[in-house]
Amino acid sequence: MKKLLPISTAGSLPKPSWLAQPETLWSPWKLQGDELIEGKQDALRLSLQDQQQAGIDIVSDGEQTRQHFVTTFLEHLNGVDFEKRKTIKIRNRYEASVPTVVGAVSRQKPVFVEDAKFLRQQTKQPIKWALPGPMTMIDTLYDDHYKSREKLAWEFAKILNQEARELEAAGVDIIQFDEPAFNVFFDEVNDWGVACLERAIEGLKCETAVHICYGYGIKANTDWKKTLGSEWRQYEEAFPKLQKSTIDIISLECHNSHVPIELLALIRGKKVMVGAIDVATDTIETPEEVAKTLREALKYVDADKLYPCTNCGMAPLSRKVAMGKLNALNAGAEIVRRELSNGNELI
Ligand SMILES: [Zn+2]
């Protein structure tokens, strides 16, 4: 029988301090050339081992080979000039210096396919691979060529589909698109955002996921969260369209968030990766806290469709804290698994 409540992480995990400055986003590499290639692979193996020790069922590369979940992908594309930078507001929230689209975008060569093959060689467990979503990509750039967010998003969707098909061929079981921008640009999500996402997964036979969150636990995000009031209803905007979409899994932030859990009813029928670990605090959840979040979600998600997960990536955390949180996720899921198999009434 298939294991109930298989656990996974949203994506990134901390990097070892010999590879990159810890607890920092866009942290520069500490190695170069061949040493860097070998170092990234070593870090990937360590990250996999950490996940296995913590009992993670669906493992990932921990994003050890990328500096950032969006920019590393962009670096491999034609038409994006990293020398020509502009300061823009990302997700209407914080300013960042970003590269410029100066011509037609296309993929020079596969971006993560070799890394995915390497991970596939290391384990027989199901693997999940994260890619940036089209809308989040256009929001991390200055566009001086297409002059249309929608047009550029469609181009990125085509490129992502090429990459996704090759990841599938490399043996990836679940391909996840990170779309935190879905929590910000509601009209665009409904006009073309979900359609672009469906273009990105066109023709795939492996499972597909979309991760929508309130961002890493960095100051700009925690400050933004303070302005959102006591109820976060952002998911309400995208859920009806996503429920009807061809995407298999929806990955969400639930623990310690002000998202009314009943919003999950809007995606009834989809598999849901329920964030039961807060990535914006160093406090390690107790297994019981994790279990409580999962029990709440079970009111709206069938048990065979519930995947306990982290709220978002854990790259900015220390390795020790991240490891503690993974262990808590496993222990909390185990509590609920036992309750489900005992047929206990859920509290
Ligand atoms: Zn996230």
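This report walks through a predicted model, starting with its sheet and moving on to its helices, its core and two single residues.

## The sheet

A good place to begin is the open sheet of six strands, whose order is 3-5-6-7-8-9 and whose pairing is parallel. Strand 3 (128–132) and strand 9 form the edges; each has a single partner strand, so one side of each is left without a neighbour in the sheet. On average, neighbouring strands here are turned by 25 degrees against each other, direction ignored.

As background, strands of a sheet pair through backbone hydrogen bonds, and this pairing is either parallel or antiparallel. For a closer look, follow strand 3 to strand 5 (residues 174–178): the two pair in the parallel sense over five bridges. Within this pairing, Leu131 has Phe177 of strand 5 as its bridge partner. Helix 5 packs on the sheet here, touching strand 3 and strand 5, and its direction makes about 170 degrees with that of strand 3.

## Helix 5 and the core

Helix 5 has 21 residues, and from its first C-alpha to its last it reaches 30 Å, close to the 30 Å expected at 1.5 Å a residue. Its buried residues include Leu152, Ala153, Phe156, Ile159 and Leu160, and also the charged-letter names Glu155, Glu163 and Glu168. After the helix comes Gly171, which has a positive phi, near 105 degrees.

Which residues touch the most other members of the largest nonpolar core? In this core of 99 residues, they are Trp129, Phe156, Val172, Val272, Val274, Leu294 and Ala297. Helix 5 (residues 149–169) gives this core its largest share, eight residues. Phe156 is worth finding in the structure: not counting residues up to four places away in sequence, Phe156 touches Val105, Pro134, Met137 and Ile138.

## Helix 10

Now turn to helix 10, which covers residues 319–341. Helix 10 has 23 residues and spans 33 Å between its first and last C-alpha, close to the 33 Å expected at 1.5 Å a residue.

Its buried residues are Ala322, Lys325, Leu326, Ala328, Leu329, Gly332, Ala333 and Val336. What do these buried residues pack against? Their partners are helix 1 (33–53), helix 9 (287–298) and strand 9 (306–309), and strand 9 is one of the edge strands of the sheet described above. Gly343 follows helix 10, and its phi is positive, near 65 degrees.

## Two residues to visit

Arg107 lies in strand 2 (residues 94–107). Is Arg107 buried, partly exposed or exposed? Arg107 counts as partly exposed, because it has 17 C-beta neighbours inside 10 Å. Leaving aside neighbours within four places in sequence, Arg107 is in contact with His76, Leu77, Ile159, Gln162 and Glu163. Two of these names are already familiar, as Ile159 and Glu163 are among the buried residues of helix 5. The C-alpha atoms of Arg107 and Lys158 are separated by 9.7 Å, although the two are 51 residues apart along the chain.

Trp192 sits in helix 6 (residues 186–200). Trp192 is also partly exposed, because 19 other C-beta atoms lie within 10 Å, while a residue counts as buried at 20 or more. Beyond its neighbours within four places in sequence, Trp192 is in contact with Glu150 and Ala153, and Ala153 is one of the buried residues of helix 5. Trp192 and Ile249 are 57 residues apart in sequence, and their C-alpha atoms are 19 Å apart in space.

Methods:
Residues are numbered from 1 along each chain as its sequence is written. This is a predicted model: local features need pLDDT of at least 70, side-chain atom pairs count only at pLDDT 80 or more; totals for chains, interfaces and linings use all residues. Helices (H or I, at least four residues) and strands (E, at least two) are DSSP runs, numbered from the N terminus. A residue is buried if 20 or more other C-beta atoms lie within 10 Å of its own, exposed if 12 or fewer, and partly exposed in between; C-beta atoms are placed from the backbone. Two residues are in contact if their C-beta atoms, placed from the backbone, lie within 7 Å. A nonpolar core is a set of buried Ala, Val, Leu, Ile, Met, Phe, Trp, Tyr and Cys residues joined through C-beta atoms within 7 Å. The expected span of a helix is 1.5 Å times one less than its number of residues. Two strands pair if DSSP finds at least two bridges between them. Axes are lines fitted to C-alpha atoms, for helices over the stretch in contact, and angles run from 0 to 180 degrees between N-to-C directions.
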